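Colleague: I have a fresh model on my screen and would like to know how its labels are earned. Could you take me through the reasoning?

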Amino acid sequence: MTVQQELFEILACPVCRGALEMAPDRESVLCRACSLRYLMNGGSLDMRPGHAVPRENQEEGR
Ligand SMILES: [Zn+2]
């Protein structure tokens, strides 16, 4: 287990307190609960709610 994986076990989404998980591109972190994406900037995670972006790879329900 990497240090980052251990970190994610204690990190929670600042918006909804949901669990976070590493995105497949390993450059962002996803919140499953509210579908926000937090970007990694040079290895540090930007968790300011205003900097979170909606998850792109999710199909819009119509
Ligand atoms: Zn969330």
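Modeller: Happy to; we can go through confidence, the core and one loop residue in turn.

Colleague: What makes strand 2 stand out in pLDDT among the elements of the protein?

Modeller: This is a predicted model, and strand 2 (residues 28–31) has the highest mean pLDDT of the elements, 91. Helix 1 (residues 3–10) has the lowest, 70. For the protein, the mean is 81, and 77% of residues reach 70 or more.

Colleague: Why is the set with Cys-13, Leu-20 and Val-29 called a nonpolar core?

Modeller: The name requires buried residues of nonpolar types joined through C-beta atoms within 7 Å. Cys-13, Leu-20, Val-29, Leu-30, Cys-31, Leu-36, Tyr-38 and Ala-52 form the largest such core, eight residues in all. Two elements give two or more residues to this core, strand 2 and strand 3 (36–41). The largest share, three residues, comes from strand 2.

Colleague: Which residues does Cys-13 touch, leaving out those up to four places away in sequence?

Modeller: Cys-13 touches Gly-18, Leu-20, Cys-31, Ala-33, Cys-34 and Leu-36.

Colleague: Now the loop between strand 4 (44–45) and strand 5 (53–54), where His-51 lies. Why does His-51 count as exposed?

Modeller: A residue is exposed if 12 or fewer other C-beta atoms lie within 10 Å of its own. His-51 has 12 C-beta neighbours inside 10 Å, so His-51 counts as exposed.

Colleague: And what does His-51 touch beyond four places in sequence?

Modeller: His-51 touches Leu-39 and Asp-46. Leu-39 is 12 residues from His-51 in sequence, and their C-alpha atoms are 7.8 Å apart.

Definitions and conventions: Residues are numbered from 1 along each chain as its sequence is written. This is a predicted model: local features need pLDDT of at least 70, side-chain atom pairs count only at pLDDT 80 or more; totals for chains, interfaces and linings use all residues. pLDDT is the predictor's confidence in each residue, from 0 to 100. Helices (H or I, at least four residues) and strands (E, at least two) are DSSP runs, numbered from the N terminus. A residue is buried if 20 or more other C-beta atoms lie within 10 Å of its own, exposed if 12 or fewer, and partly exposed in between; C-beta atoms are placed from the backbone. Two residues are in contact if their C-beta atoms, placed from the backbone, lie within 7 Å.
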